Amino acid sequence: MAGMELLSDQGFRIDGRKPHELRRIRFKKGVFRQADGSAYLEQGNTKVLAAVYGPHEIRGSRGKALHDKLLINCQYSMATFSTQDRKRRPRGDRKAQEMTSHLKQTFDAVVMTELFPKVQLDIFVEVLQSDGGNYCASVNAATLALVDAGIPMKDYVIACSGSHMRDTPIVDMNHLEESSGGAEVIMAILPRCDQIVFLEMNSRLHEDHLSGVMDHVMVGCKDIFNVLNQQVQDELCQKTELDKIVTTG
Amino acid sequence: MLTNKVFIKKTKTGGVMKIVREHYLRDDISCGSQAFNKSESDGKEPLEALPISDSKLVPQPHYLIPDTNVVLHQIDILEDPSVKNVVILQTVLDEVRHRSAPIYKRVKDVLATSHKHFYNYCNEFNMHTYIERQPGETANDRNDRAIRKAVAWYADYFKETEIKIVLLTNDADNRKLAVADGLNAFTIHEYVRSLSNMSLIDRLANPLNQMNVNSNSKVLFAEHLGLAEIQKGIRAGRFLQGTLLISRENYLEAYVSVKDQEKMIFVQGLQNLNRAVNDDSVALEMLPESEWSCPSSMVLAEDEGKDEEDEENRAFNEAVVNNKVPKELRQPTARVVGIIKRNWRQYCGILQPSIIKERTRHLFIPAEKRIPKIRIETRQAETLASKRIIVAIDSWPRNSRYPLGHFVRCLGEVGDKDTENEVLLLEHDVPHQNFSEAVLSFLPKMPWTITEDDVKRRRDLRHLDICSVDPPGCTDIDDALHCCELDNGNYEVGVHIADVSHFIRPGNALDQEAANRGTTVYLTDKRIDMVPDLLSSNLCSLRSKVYRFAFSVIWEISPTADIVKTDFTKSIIDSKASLTYAEAQLKIDDPNAHDNLTKSLRGLNKLAKVLKKKRLDNGALSLASTEVRFYVDSETNDPIDVKTKELMDTNSMVEEFMLLANISVAEKILYEFPDNALLRRHPAPPPSNFEPLIKAAESKGFKIDVSSGKALADSLDQAVVPENPYFNTMLRIMTTRCMMQAVYFSSGMLQPQDYLHYGLATPIYTHFTSPIRRYSDIIAHRLLAVCIGADASYPELLDKSKIQSLCNNLNFRHKMAQYAGRASVNLHTHLFFKKRVQDEEGHVLFVRKNALQVLIPKYGLEGTVFLNDEGQKSSSIFVYDEENNTQTAGDVTIHVFDPLIVQLSIDRSNVQHMKLSLKLVKPVIPGFSVQSVNQDQADVTASSSEPSTITTKGTGKPPQKKKKRTR
């Protein structure tokens, strides 16, 4: 009798969530003054910091510049203290490189790059604590940082993961669920246009279950979007209120 | 709704690790009672609104909340139908899951049984009942507090109603604290005694902590070390860890197979065994070399009938083993210092007749000789006196000579066939209870129909002339065949296997039950199904004239039996006929039959012969084993006659195609899943195994070449003695004994060259063709279904170590099923010879130092003729010649393979273990051989019971289907 019961008979996941429930989301925009935009995001125990610089001139070799659109430069790294065992190499390993290119693809699809030809935008993401769904948290945090920086985008881009367990789709997996060996579907979508900008799957999942899992992940993304958007709007309203007081008074 | 709690945990996986996990607390967890939200009756509120109290202690309606130890020890009570309305807390369930898998399963079964009104309350996820572990608090104390907290919450929740909440705990401190909190708390003993159902009291277990046996008596055993200390000792190398195996001859001696060490370590004497029971996982400490000992040659069984006081004294005498063992005989000897894990199960046996009838404390004698006697308390000793009963061990305190246990249930009269059947099932650990409600709930709803969707996903093969060929009376038909000639001269051959994996979905209760059972067990007159009857004899069984789902392997085969193309598909078939082997044979032989079915059978038969020849040319062995069939009296169900089974062409026809299908599937799944394919291997036996065979054959002047399977098969073919037609068969039987066991394994765990199946001479093999009766085949089906994209994979299927642990269970179950089958044949043999004494012709199979092993071809029986009476060892008149392997007495010399006449009868000296005893009749050896019985007399007793020729199959008994291939 080894291992844990990932989904109990009563329908609870190992951390007490129901299959469709997200982890707690908390975030703060504008945590750094130096960067043009920044955000700190927690999804459960996964904690991510994102910073955005630019658009600014091309740094390094000029040859990289794209004549018709913005060059997005991403860097993903994990803090040495982010995992259970201390990480030796915070960035540049295979996983981080792959993640970097995934993030670049995702944001290429959503930032209005044609508005800024021949210049560069830097997105730096640092995972401070990792408990599953690193990509998702990174995307969500970077989105908030871009919002904070005021970069024009088509929509929010929101990512969420999901899987299939005991014939039920589950969303927003934590580390324990990810490492159980089951399939994992990761999706990044534009919640208001219902478009998928990124889709990744690990391990095998039967095609019959795929659409069910994708539907649930989609709903999960929209739930995340609602949480983020609500707070962004609230903060914006508060700020305008304040601004009004400042200008009038 | 969500509250966030982070808790920190330390685990030991090599080192200390800090694990941070989220833990969400909620306020939406139902109390599970119908007293509130009455409208909802969807089964989610199992507790009755107004439970009727049967207890004098709590006359009001109440719900019970047991703590972990009560569940672990008193599961027999909780399972009783009269115990209802129980809340099993999540804390309790988790702890049970951790500590005992079998009990966890039983609790789950009870939870799923609707009329028991059990409810699993998730207190750990509820914000009102969750508590954090305090600094300095042990995990156990924390859990106890969590249980009390949950009870308090329940009590508070129900305070407006008349329902009371009762905590059942045998822990005195816990009870005290609970009472101080104003809760109702009783021990399970108090509670059960207050019930009107008195028979429950006998089934109460006596765990260690509340032992009331004369506690002033002297301490007999050394204390066991704690787990932490044992682990430290093992790491430091002071202690060894292993599984205890008590000797069959002497219950005071045992061997321990130590992990990662080939040598077995010897343990001797009651003191050194220190309350360890057979199969327990123990920690050992080596004794100094001067105290090393060796097995005594004495056969020591616990005597029956002695008074216990006597025995307790004797125990001390036994403990003092004389240490004057010659140095060269000494073996590494150790003593047990602690128990790592008890592997107690429930044991069958009988009560020891007691001198004082009114006593409630009794001794129980298990049927298994390696288990000590168990002390139980019962008030029904008189009624149980001649019954087979089941007893569970609860504890073994330091001051008790015997372990303490409790009565579980009564099986029936000793010697009764049903009782004895059940005993052998229990003793071979064959799960044979009826399927639980949880398992049955996953069966398809009847009437079952094929939907449009099903048709779309499967290839429609209903137009083909498919038929099944099986033994007579078979109801679990898992294979069917077809064959038709193609335009290009090749044949299309299809093997269609019942699609069990369509009905048994991975991970559900039905699947888990099947995985645990592993195989269907065939007893002589009974079948213990692996899957419920609805599937095994109906929906999955490929019966004729109904549409059934199948997993088909379809080949294009050339007339020379080369495979041109292989195709796997899920299909729908319509079997045109369910034939028996004999019927199929008749059809093939009938020159006037020219229908499609017959043509198809002839094609198959032709190809099968080519296939078989190819296989044998490759070096596949055809080995002999004798299978017997009992002819049963239709009235009394007692066996009247036994016959060995005969084989027909059609048997081997079906077998060939099953082998071919298995091999094809094995290749396919290994190709797709090199890491986690479930395969079956049969290792080549080491040459030393063949020594007795070579020696025996040499005595008749034949040379057996064992250098390869092919050479062995050839030399076996040549070893024929015209005047003794049975000689070759005996050689083959002996060869079978030299073989290793074939086993299942996960392909990722071994090197490809080890995949070999020696007996079949194929580099790779699996089981695919009998999913109704073997779980391994279900896994093969699932793997193949994933290969062809017909079904989904799941994590456990792709994990090689999970597959391997499944294989280990399957191997164990198969071995046990085989043993149980043999034991069942033995049982019937005993019943058959109960009323008669008979002379039969036999052949000497082995010559041993003190016995001859004799094979009786007529019954396919093997027995031992002891050459010296036990007890008077020196009086043997036989001289054993080790060199030539003969026994000589006077002028008579007995060689291997010599024909003899022996007298068969039943030795009834031991009630629990009846034995078939053989006595020599011919050759006549004065002073040893016995008079031949009058043959006529034996016949009179037989004919008086009116022998009918109806076999087991004809009498409407559960039909059986013997394994086609047990290798």
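1. Start with a cross-strand pair in chain A: Arg26(A) stands opposite Glu42(A), a residue of strand 2 of chain A. Please keep in mind that this is a predicted model. The two strands involved are strand 1 and strand 2 (residues 37–43) of chain A, which pair in the antiparallel sense over 5 bridges. Strands of a sheet pair through backbone hydrogen bonds, in either a parallel or an antiparallel way.

2. Stay with strand 1 of chain A (residues 25–29) and look at where its side chains go. Which ones are buried? Ile25(A), Phe27(A) and Lys29(A) point to one face and are buried, while Arg26(A) and Lys28(A) point to the other face and are not. In a regular strand, side chains alternate between the two faces of the sheet.

3. Lys29(A) deserves a second look. Its relative accessible area is 18%, and because buried means under 20%, Lys29(A) counts as buried. Lys29(A) also forms a salt bridge with Glu235(A), the closest N and O atoms being 3.7 Å apart. This pair links distant parts of the chain: Lys29(A) is in strand 1 of chain A and Glu235(A) is in helix 4 (residues 207–248) of chain A, 206 residues apart. Is Glu235(A) buried, exposed or partly exposed? With 27% relative accessibility, Glu235(A) counts as partly exposed.

4. Other charged pairs are worth finding on your screen. In chain A, Lys87(A) forms a salt bridge with Asp93(A), with 4.0 Å between the closest N and O atoms. A network of salt bridges links Arg13(A), Asp15(A), Arg17(A), Arg23(A), Asp172(A) and Glu177(A). In chain B, Asp156(B) forms a salt bridge with Lys159(B), and here the closest N and O atoms are 2.8 Å apart. Asp156(B) is partly exposed at 45% relative accessibility, whereas Lys159(B) counts as exposed at 54%. Over all chains, the count comes to 50 salt bridges.

5. Next, pick out Gln75(A), which has its place in strand 4 (residues 71–78) of chain A. Its relative accessibility is 36%, so Gln75(A) counts as partly exposed. Which residues does Gln75(A) touch, not counting those up to four places away in sequence? They are Arg91(A), Thr100(A), Ile123(A), Phe124(A) and Val125(A). You can also compare sequence with space: Gln75(A) and Ala96(A) are 21 residues apart in sequence, and their C-alpha atoms are 8.3 Å apart.

6. Now for the place where the two chains meet. In all, 34 residues of chain B are in contact with 31 residues of chain A. Chain B and chain A bury about 2,600 Å² between them, with 48% of that on carbon and sulfur atoms. In chain B, Glu22(B), Tyr24(B) and Arg97(B) lose the most area to chain A, together 23% of what that side buries. The size of an interface is often given in this way, as the accessible area lost when the parts come together.

7. How many salt bridges are counted between chain B and chain A? The count is 3. One pair between the chains is Lys108(B) and Asp9(A), whose side chains meet in a salt bridge with an N to O distance of 2.6 Å.

8. Here is the wider view of chain B. Its secondary structure comes to 27 helices and 37 strands. Of its 967 residues, 53% count as buried. Among contacts in chain B with a separation of 6 or more, 68% come from residues 24 or more positions apart. Chain B exposes about 44,000 Å², and carbon and sulfur atoms supply 51% of that area.

9. One sheet in chain B makes a good exercise. It is an open sheet of 3 strands in the order 33-34-35, with antiparallel pairing. Strand 33 (879–881) and strand 35 (892–894) of chain B stand at the edges with a single partner strand each, so one side of each has no neighbour in the sheet. From one strand to the next, the twist averages 25 degrees. Strand 33 and strand 34 (residues 886–889) of chain B are joined by 3 bridges, and the bridge partner of Tyr880(B) in strand 34 is Gln887(B).

10. Finish with Cys294(B), in the loop between strand 11 (281–286) and helix 10 (308–319) of chain B. Cys294(B) is buried, at a relative accessible area of 16%. The C-alpha atoms of Cys294(B) and Val267(B) are separated by 9.0 Å, and the two residues are 27 apart along the chain.

Methods:
Residues numbered from 1 in each chain as written. Chains lettered and ligands numbered in written order. Predicted model: local features only at pLDDT ≥ 70, side-chain atom pairs only at ≥ 80, totals over all residues. Heavy atoms only, no water. Helix = DSSP H or I, 4+ residues; strand = E, 2+ residues; numbered from the N terminus. Buried < 20%, exposed > 50% of the residue type's maximum accessible area, 1.4 Å probe, protein only. Contact = heavy atoms within 4.5 Å. Areas by Shrake-Rupley, 256 points an atom, 1.4 Å probe, with all protein chains shown as cover. Pairing = 2+ DSSP bridges. Axes fitted to C-alpha atoms, helices over the stretch in contact; angles between N-to-C directions. Buried area = accessible area lost by both parts, 1.4 Å probe.
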